[in-house]
Amino acid sequence: MRALVIGGTGFVGSAVVRAFDNRGIDVVTVSRSGFAFAGDAVRGDVRAHNLGIDPAEAEDLMRTVTHVVSCFGSVDWGAGPRLATELHQQGTRAVMRFAERCSSLERFVHLSSVLVLGRRSSSEPIVDELELGQSFRSWYEYGKFLAEREVRANERIPWRAVRVGGVVGAGEDVLPNPAHGIMAVVPLLLRGYPMHLADHGRFPCYPTDVMVAGEVIARAALDDGSGDVWTWFDDAMPSLAEVLMRLCSPWGVVPRIVDLPFLSPVGRVLAKRLGTPRETLEYVEPWPEIPVEVLSLLPADLPRCPPGYIEATGRALMRSNLAMSAT
Amino acid sequence: MTGARSIDTAPHPEFRCYSAGNLAEVAPARWSVISWSLVGDPVERGLRAFTTRLLPTARWATGSHYVFVGYFSCRPYHNLAALCHLAHELPGFEGADVTRDYFENVPPPARELRAHTSALQRMLAVPRMAREFHRLRPRLAELEADVTLCEEQVAAALDSGSAIALGGAMERALDMLDRAWDLHYSTTASLVPAGAIQRRLGRRMLPVWDEVEPLVNRPPELPWNRLFDGAVSGTGEESLFLRSPFYEVADVFEPWSSFAGPFTPQPALDVAGPEQDDIAEVVWEMYRGARRIGIEQLTRAVGDNLQAREESKALAMRSLHVFRRALPTLAEEAGVGGDAWGYLRIRELLSPRHRLAVSEIAETRREECEEALREPMPDELNVPLPTDHRAGSRRLPERPRPLRIPTGVSPGVASGVVTTIEQATANGGHTGDEPMILVCESADACIQTLLPGNAGLITLRGSMLSHISTLAREYGIPAVVNHPMAETLRAGQQVVINGNTGEVEVIA
């Protein structure tokens, strides 16, 4: 058994590599840096021809790899359409082309996101549907949507998609990027700036712990079955306000979350003036509703998010001082 | 147009920088005299009319010289200096807007004339431009009805063998041709200011506008789909022109057939492109509120204009095909044998006062053309000052060729094996499992049917608003134009292209 993790030096990818390594599985990391936290390392780039892997190495991998996990990508919510098409869509295509040529392939796992559901007008419960007539709040969402659509359309490989929510946690090897995603507002909250959130942020944002996410993705690769979608998040379903509060708690700061229902356009302008990234402002309204029951469709013995994992993220950021320097 | 070198037009005394760029992208390398008279003259009239509608006081756009085009040694040119001057005369635009969109991003020539238009006239040009936009759709509808009627009349006249009916139909066809080129160049010229305004506003509204622009600037519906459908099924008079090269009407005769290049379209079965999301809708849903309103409306206007441009091009080509069909009969009526009509101007063929001399004129021209065709013609001309011109040779000096600036015109990254138009045509537009990258010198809408089977496109010539760029974006095929490697790439090589940055890399 040999697992190939594309993007294995990223926040989630490194956790996946650890999960395979802890099980004693031979794991190979493909990354632009050519570095690996465990197992073997191969330099590559999903935007390059044949993943940019040296032909001799590629031939060896195609002969020996049994599991491919695609974890590459950027979570930059402010990026443009190139991120969606060049990186997520075409990168996923390139990774799948590579996987198709792996003669012993048993499973291909694609890391997706609950954000593929975008902005929905309907409140119908969602299980594993993808094309729901949704619109998108950022090119990141659209890119993840395109990538999952590519995977689901592939009939030549045994694929499985894993949708995760906002991934936080201390991480064993890599810290979360404080410049992107939910984390981008932490420095402003720490400085005492108020943040407008609809309903005071009392809506779920589906966080999960990175190490648990790594375990779940590894299980998705190793468990039987294919052609399905796993949706994974913390079953306690903390709200966005709660997540922000717990992220800021190591600093002893209580975020000033306000709801300006009649002044939201003004609030947006003010928030921009105060430095809130424009793309983050797209997430102040409730996210699509995902019923907690989707977790019951997954194997019962999957790990649960450990208590205090959100606070641990804050502590890790505080230690590294990254959150403050991100401003 | 008599005496030695009568095929050449006189260079403009003040606008002295000519470029084959925009025409060379889409048309055969050299044109017969009759094709020049069916394209060059109406284009000149159309651009003058457009300029006058926008800037009624622009006297520089009048006079006895060709202002906007030129024909030297059987090769058609646009007068780049004059077109850039037109941009300068409009509020907030400059020559670089013209060269970026249509002339392969070459540096605009130095200003030949200072602006003559008053600030008030410039401001008044803005509502006049808006009116041009507004009138495009009704003008197109009216022209399409007339072109269809004219096709029927010419077909009926040819069937009946009536010279009088054919002559009458030709007079109407000439008027129709003028209107077609006027409309095509109105849509083409309107896109420059519209695109420039959109770009400025877009950059202010969206930080990633430069990435978004090529995704949203698309025509709502291409006329070519319907026309190629007709060509495939063999039905419809309107699609017949697709079986001949664009622009050249004497295409079956030497030497003009040898210049036609690989443009003859080969209708394939897969006309429709791959199913794609309506990316514009994705964009507008993503950016809501004030950011969306202005830019969306402007983008829709640009998209409509792009569609009008493609439709007017198709109508101009259909109008030319009317002449292509009628000319052999007309020549016979005029007593001109064989291929000689390719050396005449259309008025010489139609006008009774020329009829006695047409054979003689044609033979003289044939010799002139043979001599002219032996001369290599540069892409760029910088005509010397009139005093030098009188003193020296008539040979037009070449403008120092600017470096080709590879331009990504359709976003995305693709890798695959290089194929040529000839290979793709032989395969009927179908490729195997291996992704193919179509490489050619230049291309026009006529290769549309070859596009869907390819993963990418590289051309030696082209600009952001070339027809092929519009088509590549429509099909979602990453495309790089104006790339020097298009000359050296060989079929079978593996390349990676980046339609955002214009990069091309040979892998094997």
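So, what does A:Arg137 touch? Leaving out residues up to four places away in sequence, the list is A:Leu115, A:Gly118, A:Arg119, A:Glu282, A:Tyr283, A:Glu285, A:Trp287, A:Pro288 and, from chain B, B:Met286. Keep in mind that this is a predicted model. Where does A:Arg137 sit? You'll find A:Arg137 in the loop between S5 and H4 of chain A. And is A:Arg137 buried or exposed? A:Arg137 has 4% relative accessibility, and buried means under 20%, so A:Arg137 counts as buried.

Okay, let's follow the chain onward from that loop. Strand S6 of chain A covers residues 159-164, and 6 of its 6 residues are buried. Look at which way they point: A:Trp159, A:Ala161 and A:Arg163 go one way, while A:Arg160, A:Val162 and A:Val164 go the other way. How does the chain get from S5(A) to S6(A)? The path runs through helix H4 of chain A, residues 139-153, and this β-α-β crossover is right-handed.

Now for the partners of S6(A). On one hand we have S5(A), residues 107-113, which pairs with S6(A) in the parallel sense over 6 bridges. If you want a spot to click on, A:Ser112 stands opposite A:Arg163. Then there's strand S10 of chain A, residues 228-232, also running parallel to S6(A), with 5 bridges joining the two. Here the pair to look for is A:Val162 opposite A:Trp230.

Last bit, over to chain B. Chain B is divided into domain 1, residues 17-391, and domain 2, residues 407-506. Taken over C-alpha atoms, the centres of those two domains are 23 Å apart.

Methods:
Residues are numbered from 1 along each chain as its sequence is written. Chains are lettered from A and ligands numbered from 1 in the order in which they are written. This is a predicted model: local features need pLDDT of at least 70, side-chain atom pairs count only at pLDDT 80 or more; totals for chains, interfaces and linings use all residues. Side-chain values use heavy atoms; hydrogens and water are left out. Buried means under 20% relative accessible area, exposed over 50%, partly exposed in between (1.4 Å probe, protein chains only). Helices (H or I, at least four residues) and strands (E, at least two) are DSSP runs, numbered from the N terminus. Two strands pair if DSSP finds at least two bridges between them. A crossover is right-handed if, with the strands pointing away from the viewer, the path from the first strand over the helix to the second runs clockwise. Domain bounds come from an automatic or database domain assignment. Contact means heavy atoms within 4.5 Å.
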